[in-house]
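Q: Hi! Could you walk me through this one? I'd like to start with the strands.
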Amino acid sequence: MSFLVLKAYLKLIYFDLYLARGDFSTLYDKVRRYPTGNKTAFADAIERICSAVDMACIWYWKEALCLQRSAATACLLKRYGIPAQMVIGAQQMPFKAHAWVEVEGRVVNDKPYTPEVYAVLDRC
């Protein structure tokens, strides 16, 4: 599991660089265009990858934003052959934006009721 945590940590750094520059559109394109690998996913791949990203976030030197965490999760899932989508949503009052990851319409890195709280703006 430690190698997977290292991969997740590196993805957090990678996407943090885009956020630091305010380059949301490039981050979005990187996630949207990230190819889904041909690897046969291990049986509990979704849970292991989400746990690895959570562990990497614990060790990250600053708070990982939901967009950064979701981008890293979506790309790692895709790398292992799982067709993941990063979803971006917002609520109006009070205004708040949020990002999460879904696999086949099921939230995998957040609370299952997240899509009920936020109006979905985009899926990538």
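Q: Which residue in β2 is the bridge partner of Val87?
A: Happy to help, and keep in mind that this is a predicted model. The partner of Val87 is Trp100.

Q: In which sense do β1 and β2 pair, parallel or antiparallel?
A: They pair in the antiparallel sense, over eight bridges. A hairpin of four residues connects β1 to β2.

Q: What kind of peptide bond joins Met93 and Pro94?
A: That one is a cis bond, with omega about -20 degrees. Pro94 sits in the loop between β1 and β2.

Q: How many residues of β2 are buried?
A: Six of its eight, which leaves β2 mostly covered.

Q: And where does β2 go next? How many bridges does it make with β3?
A: β2 and β3 pair over two bridges, in the antiparallel sense. One of the partnerships is Glu102 with Val107 in β3. These two strands form a hairpin with two residues between them.

Q: What stands out about phi of Glu104?
A: It is positive, near 55 degrees, in a residue other than glycine. Glu104 belongs to the turn of the β2–β3 hairpin.

Q: Is Glu104 buried or exposed?
A: Glu104 counts as exposed because its relative accessibility is 73%, and the cut-off for that is over 50%.

Q: Switching to helices: which residues of α2 are buried?
A: In α2, which spans residues 24–33, Leu27, Tyr28 and Val31 are buried. They cover an arc of only 100 degrees around the axis, so they lie on the same side of α2.

Q: What covers those buried residues of α2?
A: The cover includes α1 (2–20), α4 (66–79), β1 (84–91) and β4 (119–123).

Q: Now the aromatics. How many aromatic pairs are there?
A: Seven. One of them is Tyr9 with Tyr60, edge-to-face at 5.4 Å centre to centre and 65 degrees between the planes. That pair links distant parts of the chain, with Tyr9 in α1 and Tyr60 in the loop between α3 (45–59) and α4, 51 residues apart.

Q: Which residues form a cluster with Tyr9?
A: Tyr60 and Trp61 join Tyr9 in one aromatic cluster.

Q: Why does Tyr9 count as partly exposed?
A: Because its relative accessibility is 21%, and buried would need under 20%. Tyr60, at 5%, is buried.

Q: Last one: what lies over the face of Tyr14?
A: Lys11 does, at 5.6 Å from the ring centre.

Terms used: Residues are numbered from 1 along each chain as its sequence is written. This is a predicted model: local features need pLDDT of at least 70, side-chain atom pairs count only at pLDDT 80 or more; totals for chains, interfaces and linings use all residues. Side-chain values use heavy atoms; hydrogens and water are left out. Buried means under 20% relative accessible area, exposed over 50%, partly exposed in between (1.4 Å probe, protein chains only). The arc is that of the directions from the helix axis to the C-beta atoms. Contact means heavy atoms within 4.5 Å. Two strands pair if DSSP finds at least two bridges between them. Rings of Phe, Tyr and Trp (its six-membered ring) pair if their centres lie within 6.5 Å; planes under 30 degrees apart count as stacked, over 60 as edge-to-face and the rest as tilted. A charge sits over a ring if NZ of Lys or CZ of Arg is within 6 Å of the ring centre and within 35 degrees of the ring normal.
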